[in-house]
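Got your viewer open? Here is a short tour, stop by stop, with something to select at each one.

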Amino acid sequence: MRRRRDVLWRSVDGYLAASTVAGTALEATGPAADIWNLLDDWITIDELSGELATRHGADFDQVRADVATFVDRLIDDGYAERNDGPDG
Amino acid sequence: MGDSAALRAAAVVGLVDHAAAPVELSAYDADAVAMRARFDRMSGFVSTAIRTGVVEADDATLERVDDGWHEALFGVTLVEALAVRTAAQLDAAGVRWRLTKGAALAHLDYPQQLALRTFGDVDVVIHPDDWQGALDALFAVGHARPSPELRPGWDVRFGKGATLVDANDLEIDLHLRFAIGRFGVRSHMADLFERQDTIELAGRTIPTLTGPDRLLHACHHLVLGGFSGWRAARDVAQLLLITGVDWRETVAVAQRWGVAAVVAAGITGAWARLGLDVAHPAHDWAVDHPIGRRDERAIEVFSSQRPFRHQALTAVGALSPTRIPTYLWMLTVPARDARHGRSIGQHLRDRVGDVTRRRR
């Protein structure tokens with residue numbers, strides 16, 4: 001998955017604001033901004049979760065569950081997209 | 001005292017080296033700085049100044065400043081989305097246009113500090129021959145014009161432009177000129193459409209004013225914009241010191257238009273406002289540029305934030321004699337929609353009073 005190229009966004013220290021061209025918008029704080037920055041290029045959910053778990057010294061499975069929830073929302077609302085591979 | 005020192009220090013973050021001692025904020029000054037920064041969309045600069053030690057403030061102040069910054073950033077993404085939709089509508093209608101000010105400056109002139117340069121509306125310059133087409137295209141998708149045209153034909157002949165709002169009250173400023181009054185009526189805005197820079201937003205290529213033309217607009221905004229905040233001064237300095245625009249081209253255009261005084265006042269004003277002690281040939285030119293008495297008086301009308309009609313009346317000395325009667329008629333007898341239901345007699349009494357007072 002990766003963030004969509006047609007999304008308008010700004011990210012600074014622990015804060016993310018994003019809007020679709022249609023004007024649907026989201027704000028997120030904390031690790032959400034890290035996730036967004038890692039979605040700059042295609043990345044799998046396991047790679048994303050592993051990177052965040054290492055950065056924050058957290059349990060991989062717990063991080064993966066949280067990341068999956070957030071990323072699903074990003075995809076459903078048009079901020080991110082999956083590729084065709086099995087790991088998305 | 002502390003609040004303006006802190007804002008000045010923040011306004012030059014990333015522009016000049018900070019060798020001076022940090023500015024310390026008292027609790028009282030911190031409140032004023034946080035509020036002022038939010039109002040002037042400078043919260044990102046102030047936050048960065050605090051984080052880098054240029055300004056000393058407690059954690060509560062930083063949190064308040066960051067709240068203002070985040071609010072502004074959220075607005076920026078909505079405004080950029082509106083800019084992309086506006087681009088699609090204007091392009092589909094065949095309108096010639098250029099993005100200017102906030103979004104154009106942020107992407108082209110603050111590439112290393114994109115998140116710091118926030119803005120609250122879309123600013124677009126429209127080719128004068130395409131004005132009605134632009135309005136029609138944007139009205140067709142539901143945008144409204146809260147302040148109607150002063151009189152039919154005013155916009156294109158003498159006006160600065162129009163502000164439209166969308167269903168969410170986001171604003172699109174459509175510019176026909178960079179200012180009303182003496183300097184606005186001297187401009188030849190069609191010249192700006194002989195050249196362009198571009199940015200990409202949401203995968204769409206957006207035409208913008210060129211660097212020299214962005215500097216020309218930034219100087220107009222700082223000198224004649226009515227609210228000459230820290231950010232307006234920073235934009236002028238940023239274009240010269242960071243982007244390194246061809247300021248001689250700006251001056252050449254300004255001299256052809258008869259608005260070199262605005263560029264000179266903009267550059268010297270930015271240096272003074274920001275307390276810059278940086279040598280630059282554009283500043284040398286601006287300091288040496290003689291500003292005539294009439295230009296100086298007109299600039300003073302804007303810098304002292306006199307009412308709209310006073311500012312508009314500065315055009316009289318710059319118009320050809322054949323255009324003055326029409327100009328004064330349109331200015332003093334606005335159309336019914338622009339009078340908000342007041343009688344012509346009442347308006348004439350008000351306007352004639354204004355003109356008389358101005359000429360004393």
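## Stop 1: a salt bridge inside chain A

Start with A:Asp46, which is partly exposed, with a relative accessible area of 39%. Now add A:Arg64: the two form a salt bridge, and their closest N and O atoms are 2.5 Å apart. A:Arg64 sits in helix 3 of chain A and A:Asp46 in helix 2 (residues 45-56) of chain A, so the pair ties together parts that are 18 residues apart in sequence. Like its partner, A:Arg64 is partly exposed, at 30% relative accessible area. Keep in mind while you click around that this is a predicted model.

Stay on helix 3 (residues 60-76) of chain A and select A:Val63. Is A:Val63 buried or exposed? A:Val63 is buried, because its relative accessible area is 12% and the cut-off for buried is under 20%. Show what is around A:Val63 and you'll find that it touches A:Ser49, A:Leu52, A:Ala53 and A:Ala58, leaving out residues up to four places away in sequence. Try a C-alpha to C-alpha distance from A:Val63 to A:Leu52: they are 7.3 Å apart in space and 11 residues apart in sequence.

## Stop 2: where the chains meet

Next, colour the two chains separately. In the contact between them, 18 residues of chain A meet 19 residues of chain B. Together the chains bury about 1400 Å², with 70% of that on carbon and sulfur atoms. How many salt bridges are there between chain A and chain B? There are 2. Add to that list 3 residue pairs in polar contact between chain A and chain B. On the chain A side, strand 2 (8-12), strand 3 (15-19) and strand 4 (25-29) each supply at least two residues that touch chain B.

Zoom in on A:Arg10 and B:Glu80. They form a salt bridge, the closest N and O atoms being 2.7 Å apart. This pair crosses between the chains, from strand 2 of chain A to helix 4 (residues 59-92) of chain B. A:Arg10 counts as buried, at 4% relative accessibility, and B:Glu80 counts as buried too, at 2%.

Then hop over to another crossing pair: B:Arg51, in helix 3 of chain B, and A:Asp13, in the loop between strand 2 and strand 3 of chain A. Their side chains meet in a salt bridge (3.5 Å, N to O). Here B:Arg51 is partly exposed, with a relative accessible area of 40%, while A:Asp13 is exposed, at 62%. Add B:Asp66 to your selection, and you have a network of salt bridges linking A:Asp13, B:Arg51 and B:Asp66.

Helix 3 (residues 43-51) of chain B also holds B:Ser43. B:Ser43 is buried, with a relative accessible area of 5%. Among the residues that B:Ser43 touches are B:Arg38, B:Val65 and B:Trp69.

## Stop 3: a covered strand in chain B

Select strand 4 (residues 121-126) of chain B: 6 of its 6 residues are buried. In a regular strand, side chains alternate between the two faces of the sheet. What covers this one-two pattern here? On one side of strand 4 of chain B you have B:Asp121, B:Asp123 and B:Val125, on the other B:Val122, B:Val124 and B:Ile126, and all are buried.

Now bring in its partners. Strand 3 (residues 97-100) of chain B runs antiparallel to strand 4 of chain B, joined by 4 bridges; look for B:Leu99 opposite B:Val124. Strand 6 (residues 171-175) of chain B pairs with strand 4 of chain B in the parallel sense, over 5 bridges. There, B:His175 is the bridge partner of B:Val125.

## Stop 4: the nonpolar cores

For the last stop, select B:Val55, B:Val236, B:Leu240, B:Ile267, B:Leu274, B:Trp285 and B:Tyr327, the residues with the most contacts inside the largest nonpolar core, which has 91 residues. Helix 12 (residues 260-274) of chain B gives the most to this core, with 10 residues. Another core, of 34 residues, lies apart from it, with B:Leu99 and B:Trp131 among its members.

Finish on B:Tyr327, whose contacts include B:Trp154, B:Phe158 and B:Leu319.

Key
Residues are numbered from 1 along each chain as its sequence is written. Chains are lettered from A and ligands numbered from 1 in the order in which they are written. This is a predicted model: local features need pLDDT of at least 70, side-chain atom pairs count only at pLDDT 80 or more; totals for chains, interfaces and linings use all residues. Side-chain values use heavy atoms; hydrogens and water are left out. A nonpolar core is a set of buried Ala, Val, Leu, Ile, Met, Phe, Trp, Tyr and Cys residues joined through side-chain atoms within 4.5 Å. Buried means under 20% relative accessible area, exposed over 50%, partly exposed in between (1.4 Å probe, protein chains only). Contact means heavy atoms within 4.5 Å. Two strands pair if DSSP finds at least two bridges between them. Buried area is the accessible area (1.4 Å probe) that two parts lose on being put together, summed over both. A salt bridge is a side-chain nitrogen of Lys or Arg within 4 Å of a carboxyl oxygen of Asp or Glu. A polar contact is a pair of N or O atoms within 3.5 Å; within protein, one must be able to donate a hydrogen and the other to accept it, and residues adjacent in sequence count only if both atoms are side-chain atoms.
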